[in-house]
There are 2 protein chains.
Amino acid sequence: MTKLKFFLQIHKAIIIYGISLALLLLILKWLELRFIIFDYSLEIYIGAIAFIFTGLGIWLALKLSKPKIKTLVVEKEVFVPRSENFILNTSLIAELELSKRELEILNLMALGLSNDEIAAKIFVSLSTVKTHNQNLFVKLDVKRRTQAIEKAKRLNLIP
Amino acid sequence: MTKLKFFLQIHKAIIIYGISLALLLLILKWLELRFIIFDYSLEIYIGAIAFIFTGLGIWLALKLSKPKIKTLVVEKEVFVPRSENFILNTSLIAELELSKRELEILNLMALGLSNDEIAAKIFVSLSTVKTHNQNLFVKLDVKRRTQAIEKAKRLNLIP
DNA sequence: CTTATTTTCATACCAAAGTATCATTTTTAA
DNA sequence: TTAAAAATGATACTTTGGTATGAAAATAAG
């Protein structure tokens, strides 16, 4: 049942075309029998058929042709953050004696987190974060977190 | 000269169709003259013509129909190292309605300057800087200067 | 020339950041 | 295992940052 339905749906155009063709031939036969056909010259008769079937062909082609997919590649500039070509300056980290925790906090700082948020994120107290900050600022020789971020980014200590 | 060439190129399919039609009629006429045609029944004759012109119609339709363009957008990531060749996102600046002064302050912020230092640098009062900051934070939808810096860098509003 | 926008500034207040100092607990490495 | 380094935490205090509100010049746009 469903298979037949599917077949009908797919080949609808072909079926209509077949029926049209049959109908046309029937009409022609009828006309022939009625001798009306002989009132016109063969050329006009052929021309009419040619015209009709050309139309049918065009219609068929338009119905059955699969859409020509034209792939339009749009190059969208995705500004890839530095993380891809970021090379951590490990030697400088060692030189400045930055600890793991300090570096971790530095990264979170650069993401715009407040001291409170950092404390919550790494499960330590606000005091601890502040202490790390102090040490960090001394080691980086800066006075503010914004300076620390700027310097750290510039020196490839953070992405 | 060029106009004729252009016309030919555009209507190539139509011209070929016309010529084909003329040729076919000529062949038919010739066949008719040779009395070969009467060897076959009219139905087969008509059927052949119908078949041929259907084919022509299909061919014509495929040639002339504009391709049903299905635009497939492929996002191609273009790597842009931000630090080296920074391209200011002017459209976004316009979209966010960031003023010159706000952008200027944003840049100084990112360099790690305090509000006092910014005020001194651009010869305005601390209050003014704070007001600019407020508007800036609202426009960027952030709560802190560090967040503003992070977002602005990410969106290429500042280097 | 008038209207809208930008820039400017002030005050008061609260929240967050930073400083200083001290102290305890882990980790790490000699 | 023991000293050094790193991580944690507290308290008290100062400075800076951020919010809210209001308003006056300066500049741009129509």
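**Figure 1. Sorting the residues around DNA strand C.** Ala, Val, Leu, Ile, Met, Phe, Trp, Tyr, Cys and Pro count as nonpolar, Asp, Glu, Lys and Arg as charged, and the others, Gly among them, as polar. Keep in mind that this is a predicted model. Sorted that way, the surface near DNA strand C has 9 polar residues, 7 charged and 2 nonpolar. Which residues come nearest to the strand? Of the 18 around it, they are Lys130(A) and Arg145(A), plus Ser99(B), Arg101(B) and Ser125(B).

**Figure 2. Close-up on the phosphates of DNA strand C.** Look at the strand's atoms within 4 Å of the protein: 62% belong to sugar or phosphate, and the rest to bases. In chain A, a backbone N or O atom of Asn115(A) sits 3.0 Å from a phosphate oxygen of the strand. Arg145(A) has a polar backbone atom 2.6 Å from a phosphate oxygen. Over in chain B, it's the side chain of Arg101(B) that puts an N or O atom 2.5 Å from a phosphate oxygen. The elements giving two or more residues to the surface near the strand are helix 7 (126–140) of chain A, and helix 5 (100–110) and helix 7 (126–140) of chain B. Helix 7 of chain B gives the largest share, 4 residues.

**Figure 3. How confident is the predictor about chain A?** The mean pLDDT of chain A is 74, with 54% of its residues at 70 or more. Residues 1–7 of chain A fall below 50, and this stretch has 0 contacts in the model beyond near neighbours in sequence. Residues 75–82 of chain A are below 50 too, but that stretch has 20 contacts beyond near neighbours in sequence.

How values were computed:
Residues are numbered from 1 along each chain as its sequence is written. Chains are lettered from A and ligands numbered from 1 in the order in which they are written. This is a predicted model: local features need pLDDT of at least 70, side-chain atom pairs count only at pLDDT 80 or more; totals for chains, interfaces and linings use all residues. Side-chain values use heavy atoms; hydrogens and water are left out. A residue is near a molecule or strand if one of its heavy atoms lies within 4 Å of it. A polar contact is a pair of N or O atoms within 3.5 Å; within protein, one must be able to donate a hydrogen and the other to accept it, and residues adjacent in sequence count only if both atoms are side-chain atoms. pLDDT is the predictor's confidence in each residue, from 0 to 100. Contact means heavy atoms within 4.5 Å.
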